[in-house]
Amino acid sequence: MLQNCCPRNYEDVGVMSGAVLFIRKDLHVNDLQVEMLIGSLNLICLLGSALAGKTSDAVGRRWTMALAALIFFVGAVVMSLAPSFAWLMMGRLVGGVGLGYAIVIAPVYTAELAPASTRGMLTCFPEIFVNLGILLGYVANYAFQGLPTNYNWRVMLGMGAIPPFFIGVFVLFMPESPRWLVMKNRNEDAMKVLLRTSESEAKASELLAQIMEGIQYAQKNLEKKDLSSEGEGDPLKSKGEGTWGELIYKTTPSIRRMLIVGLGIQFFQQASGIDGTVYYSPFTFKKAGINSQNAILGATMAIGFVKTGFIVVAAFFIDKIGRRPLLLISTVRSTVSLAGLGLSLIVVEKTSGSAHEAAACLAVVAACSNVSFFSIGLGPINLVMGSEIYPLRLRAKAVGLGVGVNRLVSGAVSVTFLSLSKAITLPAVFFFYAGFSFMAVGFVYRFVPETKGKTLEEIVELFTIGSSVKTSTPSQLELGSGKTSPGPTVVTQST
């Protein structure tokens, strides 16, 4: 159940896309209020993501997940009982804080507990449940649309209180992250967890030693500190938690390279407009000439099925093919799909009859194609790489920073989609997103290295080795296995 800390947050994505149709009628909200309602979740979650790093470093990864579930439970209840738009927004804002906590801590916890050989697949599980939540939201929209208008959207949103309740219960039975325990100098407790998750006692002891050595290596080579000044000469007897300054204005070259990769993936994931495609799919399909409410919700539900299916495919291949090839496939094909969606909408506007119907079908296919290719690369891999490339003492805060960038861009897309479509037309909006998706192709090809099969400590060393050479081939940057990994150099200049 460790991956389930954020499914309800994203069930809200699917639910809200359809619930807003009925909220408009019941609460008489306008387009600006719809944009505020949808976009505010992503913007307010910046607060949750900023607090999640410090909270998880202080009280642990496990209890931070419990806190996220509690916050989102409260938000779901408030939204379902909201008597007005103001109360609906209040519940939405509370839920946004829970979202910020959840999308930071879920991949961090999973990456720190999972073995290197299956870490990619296991870290994909939050994204699988994200997509399952979206799909369930679409199904709920379709199932409850027949209820009275003043009840159907409340039932849709109120069902969101069920998953976080069970998540809070299951957290009581989950182990704490062994790496967090080592960071807190609780090595005996860490060993107990590793004994539960490792094949043998010898393997658990080996992993514990590797984690301890990784902390020492990171402090010596990434943070440039005098180890003898911390903990009376023992680098492991440090305070443990990194500071925001080490990520923002006191960064080392190695940390900067990590941030370029981590923040870059987070930025392009949302700048390519996936939230516009998902949140506003009913609006897009209506513009494509699909006028029946049943047909619109049915087409929207098809997006959910396709998205969920392809994320499962990604989870299966991510530790076999690797992160980088999937990212390249994802960004290239999403670019083509977004351009195809824009072209099909132009044809819809300029034709009638059979050509109009064919273009409408093409629009649905292009939208499904976009979310499917997003789901095999940019969707899950931003969680995977974002949680595995940073050193332990900075990991939670760095992931929180990445989530902040991700949600800020997502919020910008969500709150401007309708206004932008009116200003430059809907087809032009999708061409605009296709441009960012095309830039993502170049970014991945140039900057993103392959990390499959490496331990978290080896990945940290990967970025550090890159700082000591003027140019590095992929084979020079492969650690521990003697294999050659396809990918770019991590750095192109001497540091």
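This is a short tour of helix α2 and the salt bridges around it, in a model that is predicted.

**Stop 1: the start of α2.** Select residues 31-59, which make up helix α2. Now add Asn30 and look at the start of the helix: a side-chain oxygen of Asn30 reaches to within 3.2 Å of the backbone nitrogen of Leu32.

**Stop 2: Asp31 and its partners.** Stay at this end and show the side chain of Asp31. Which residues does Asp31 pair with? One is Arg24, whose side chain meets Asp31 in a salt bridge with an N to O distance of 2.8 Å. Another is Lys422, where the closest N and O atoms are also 2.8 Å apart from those of Asp31. That second pair links distant parts of the chain: Lys422 sits in helix α19 (residues 392-424), and the two partners are 391 residues apart.

Try colouring these by accessibility. Arg24 counts as partly exposed because its relative accessibility is 29%. Asp31 has a relative accessible area of 27%, so Asp31 is partly exposed. Lys422 comes in at 63%, so Lys422 counts as exposed.

**Stop 3: along the helix.** Slide along α2 to Ser40. By how much does the helix bend here? The bend at Ser40 is about 40°. For a check on the whole helix, put a distance label between its end C-alpha atoms: they are 41 Å apart, which agrees with the 42 Å that 29 residues should span at 1.5 Å a residue.

**Stop 4: the far end.** Just after α2, pick Gly60, which takes a positive phi of about 110°. Then show the side chains on either side of Gly60: Asp57 and Arg61 meet in a salt bridge, 2.9 Å from N to O. Are these two buried or exposed? Asp57 has a relative accessible area of 0%, so Asp57 is buried. Arg61 counts as buried as well, because its relative accessibility is 0%.

**Stop 5: widen the selection.** Keep Asp57 and Arg61 on screen and add Glu112, Arg395 and Lys397. These five residues are linked in a network of salt bridges. As a reminder, side chains of opposite charge can pair when their charged atoms come close.

**Last stop: the whole model.** Zoom out and run a salt-bridge search over everything. How many turn up? The search of the whole structure finds eleven, including the Asp57 to Arg61 pair from the far end of the helix.

Key. Residues are numbered from 1 along each chain as its sequence is written. This is a predicted model: local features need pLDDT of at least 70, side-chain atom pairs count only at pLDDT 80 or more; totals for chains, interfaces and linings use all residues. Side-chain values use heavy atoms; hydrogens and water are left out. A salt bridge is a side-chain nitrogen of Lys or Arg within 4 Å of a carboxyl oxygen of Asp or Glu. Buried means under 20% relative accessible area, exposed over 50%, partly exposed in between (1.4 Å probe, protein chains only). Helices (H or I, at least four residues) and strands (E, at least two) are DSSP runs, numbered from the N terminus. The expected span of a helix is 1.5 Å times one less than its number of residues. The bend at a residue is the angle between axes fitted to the seven residues ending there and the seven starting there. A polar contact is a pair of N or O atoms within 3.5 Å; within protein, one must be able to donate a hydrogen and the other to accept it, and residues adjacent in sequence count only if both atoms are side-chain atoms.
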